[in-house]
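Hi everyone, thanks for making time this morning. I'd like to walk you through one structure, so let me put it up on the screen.

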Amino acid sequence: MSTDSGAFDDLLHEERRFSPPAEIADDAVLRDPSVYAEAASDREAFWAGWAAELDWFEPWSKVLEWDPPRAQWFIDGKLNVSHNCLDRHVEAGRGDRRALIWEGEPGDTRTYSYSELLEEVSRLANALRDLGVERGDRVTIYLPMIPEAAVAMLACTRIGAIHSVVFGGFSPESLADRNNDARAKVLITADGGWRRGAVVPLKANADEALQTSPTVENVVVVARGGALTEEVAAPMVDGRDHWYHELIAGAAPDCQPEVMDSEDTLFVLYTSGTTGKPKGVVHTTGGYLTQVYATTKSVFDLHDEDVYWCTADVGWITGHSYIVYGPLANCAQVVMYEGAPDTPDRGRFWELCQKYGVTIFYTAPTAIRAFMRWGDQWPGEYDLSSLRILGTVGEPINPEAWMWYHEVIGGERCPIVDTWWQTETGGIMITPLPGITETKPGTATRPFPGIEAKILDDDGNETRAGYLAITEPWPSMLRTVWGDDERFMQTYWSKWKDIYFAGDGAKLDSDDYFWILGRVDDVLNVAGHRIGTAEVESALVDHHAVVESAVVGKKHDIKGESIAAFVTLKEGIEGSEELVAELRQHVGTKIGAIAKPELIVLTADLPKTRSGKIMRRLLRDIAEGRAVGDTTTLADPAVVRRLQDEHEEEG
Ligand code: WT7
C-alpha cells in the first residue's frame, strides 16, 4: 500500500465531529436518515425513483440486468442527455434562468441562459452533422475552460456522437494517442486559452497531434486565444479547419435530439492505469445521467437559489459529472472559470465567490492546501457569507486542511462533503449528506444511498482495513474499456468474483465510516491528477540517454504526492544537471507538464529482487529520506547504500 498506514491509525481516533447545521438539515433535499435503509431494501426502486425525474422518450422495461460484470440500467429506456440538460428546463418555462456564468482569466465575462445554451448547442450539433459526424462517431474535445467546452459536449450528446475530452494540459503526443485509440473523426479545439497570464497554444499542439492522427477529418477551432487579433498564430488548414463562430453562424438554431438507448455510449474518458497506456473509460447514457443528477442534487443539497461552482477542469471526470451533466440536468446556475487561482493574485477564487454570490463550492484538497499556505489574508479580503456547502474530491483530505476549509472558508457554518469516487464510477459513491451526516475531518463517511461498499482482504473476506470494494452494481458504473474489454475484466473484476476492485486502500472506524488511504496499485495522485508510474517510466526510457527507470510517489505538502524518478543512463553517457533538466522536459513533451518528475536521481543500478522486480518500496523510502526497510530480498543489497548516496548528492 502506497500510503503509510501508521499515520492513518492516528486519524481513526479523530474526536472532532460536526453535525449538520439546523438551517441546512431542516430544508435539505435529503433530510431523513431513513433514506439509507429504504435504498438498501430496494436499490433498484431507489434509483428508478431518481431516473423518473428525468425525461424519457420511451420508458424502461426493466431497471437493472446484472450479469456480472455486465450491467445494463433502465433497459429499453430512450432518452437524450442534452434534452434533459436543456430542452426539459426551457419547456418548463425556465429558459431565462442562468445556466453558465463564465469568467475568463483576463476578467472578461459571458453568461448563457438555458435558452441561449440550447440554441448554441443545437447550432453546433447541426454543424457537426454537416461535417459528417454520425451517431456513434467519436469527437475529441481539446479546449480550455470556456463555455464552448460544455457546448461541445452537449452538442455531441444531442446527435449521439461519443465525446472524448482531453485535458488541455496534455501534450500533442498524448492527444494523438487518444485520437487514435478512439479513432476520432472530428477534433474541437481553440486557438488558445488563458492560464497564468499567458495563452496556452492549444491549436499549435493540436496541429502537431494531427500529423499523426489520420482518422481526424475535420477540426473545429474556437477563437479564444487572440488568433483573430493575431496575438497568437493559428494558421487554418483549408478544407480541414473551421472556425467555430463561422460554423455556428451558418447553422440552423433548431436540432432534433437523437433518441438514444439508455445503454448507448455517452462518452469515453481516458485515465491512467498501471500500464504505460491510458485506458478509455466507457460511460453510457441513462444510468450515468441518473446517478450524476441524483448525487448533484442531494450531495450538494441543490436548491433553486444556489449558485454552484466546481473548480475542476472539464478534461477530468469531475468536470464531466459535476460541472456539466449533473448541474445542468438539475437546472443549476453554474459558475465556470477559465484560469488559475493565483492570477492576477491569490485572492481570485474568493473574489469570484463574492462577485457571483457562490453558495456551493467544490474543489480539491491540493488546492485547499495551497490556499492554506498562501495565508488567511486572501480569503479574508472578501465576503464569503454566501457560501452554504463546501465539497472536496480527488484525494484524501488531511484533517488540518479540512479544519482550515471549515473555519476560514466556511466560517464554521458550512457542511463539508468529502466525496470519494473515480473516473470509473462516473458519479459520487462515498460521501456525507449535508443535511444528515455527522462529519469528521478526513473521512468520506458512508456510501451514498443505493451504493454498497465494503472493505475486503485479498481473499474477499470483510475486514476493517484492506481494499475498497463495491459489491453491487451502480447506475453510473463504467461499462468497459474502449477497445480493450480484456483490460476491463482484468483491472476491475479479476481480484474477486463479481465484485468491483477500486484500487484504493481503506479502513473503517468505530462508526463504520470509510477512511480512504490512497491507491494500492502503481498509480500516483499528483495534485488530484491520476498518473501511472509506468507512463512516466515509458516516457523516460523513450529518451536516447536512458536505459531503465523506476518511478515512485513521494509525499508532497501541497500536491499530496509528487513524482520521483530513478534513472539509469546508457553506458558511456555522463550525467549532468542539464541532462536531468532535459529528461524532465522530455516527460513534459511526451505526456504533459503534470507528469514532470520533481526529483530525478541518476543511478548506476536499481534495487531489484533476485527475480528482477524493482523494489519500489525501497525507492519510496529513499525518495522520502526515510530509513530503508527490509532489504533481505534484494539481489544486491549494496545498491541501496549507493542509491542513498546518489540521492543525497542530488538533494
Ligand atoms: C482516485 C480516482 C473522482 C474525481 C477525481 C479523481 C482518489 C478521489 C477521493 C476522496 C480520498 C479520493 C482515489 C481514487 N480519490 N476522491 N474523497 N478521498 N481519495 O478521479 O482521476 O479517477 O482518481 O482519486 O484514490 O481511486 P480519478
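Before anything else, a term we'll need in a moment: two strands count as paired if DSSP finds at least two bridges between them. And please keep in mind that what you're looking at is a predicted model.

With that in hand, let's go to the sheet. Here β21 and strand β22, residues 465-470, pair in the antiparallel sense over four bridges. If you want a spot to click on, Lys454 stands opposite Ala469 in β22. Zooming out, this pair belongs to an open sheet of four strands, ordered β21-β22-β24-β25, with antiparallel pairing. Which strands sit at the edges? Those are β21, at 453-456, and β25, at 514-519, and each of them pairs on one side only. On average, neighbouring strands in this sheet are turned by 45 degrees against each other, ignoring direction. As a quick reminder, strands in a sheet pair through backbone hydrogen bonds, in either a parallel or an antiparallel way.

Now the part I suspect you've been waiting for: the ligand. There are 17 residues around it, and the closest are Asp418, Thr419, Thr423, Asp504 and Arg530. For the contacts themselves, let's start with Arg530: one of its polar side-chain atoms lies 2.8 Å from an oxygen atom of the ligand. Arg519 also has a side-chain N or O atom 2.9 Å from a ligand oxygen. On the backbone side, a polar atom of Gly394 is 3.1 Å from a nitrogen atom of the ligand.

Let's move on to the packing. How many residues make up the largest nonpolar core? It has 120, and those with the most contacts inside it are Leu117, Leu128 and Tyr325. Helix α7, residues 147-159, supplies the largest share of this core, with nine residues. Take Leu117 as an example: leaving aside residues up to four places away in sequence, its contacts are Leu86, Ala99, Leu100, Tyr112, Val151, Leu154 and Leu328. There is also a second, separate core of 38 residues, including Leu187, Val216, Leu569 and Val587.

One last stop, at Pro201. You'll find Pro201 in the loop between β10, at 198-200, and α9, at 202-210. Is Pro201 buried, exposed or partly exposed? It counts as partly exposed, because its relative accessibility is 37%, and that class runs between 20% and 50%. As for distance, Pro201 and Arg70 are 131 residues apart along the chain, and their C-alpha atoms are separated by 41 Å.

That's my tour, so over to you for questions!

Technical notes: Residues are numbered from 1 along each chain as its sequence is written. This is a predicted model: local features need pLDDT of at least 70, side-chain atom pairs count only at pLDDT 80 or more; totals for chains, interfaces and linings use all residues. Side-chain values use heavy atoms; hydrogens and water are left out. A nonpolar core is a set of buried Ala, Val, Leu, Ile, Met, Phe, Trp, Tyr and Cys residues joined through side-chain atoms within 4.5 Å. Buried means under 20% relative accessible area, exposed over 50%, partly exposed in between (1.4 Å probe, protein chains only). Helices (H or I, at least four residues) and strands (E, at least two) are DSSP runs, numbered from the N terminus. Contact means heavy atoms within 4.5 Å. Axes are lines fitted to C-alpha atoms, for helices over the stretch in contact, and angles run from 0 to 180 degrees between N-to-C directions. A residue is near a molecule or strand if one of its heavy atoms lies within 4 Å of it. A polar contact is a pair of N or O atoms within 3.5 Å; within protein, one must be able to donate a hydrogen and the other to accept it, and residues adjacent in sequence count only if both atoms are side-chain atoms.
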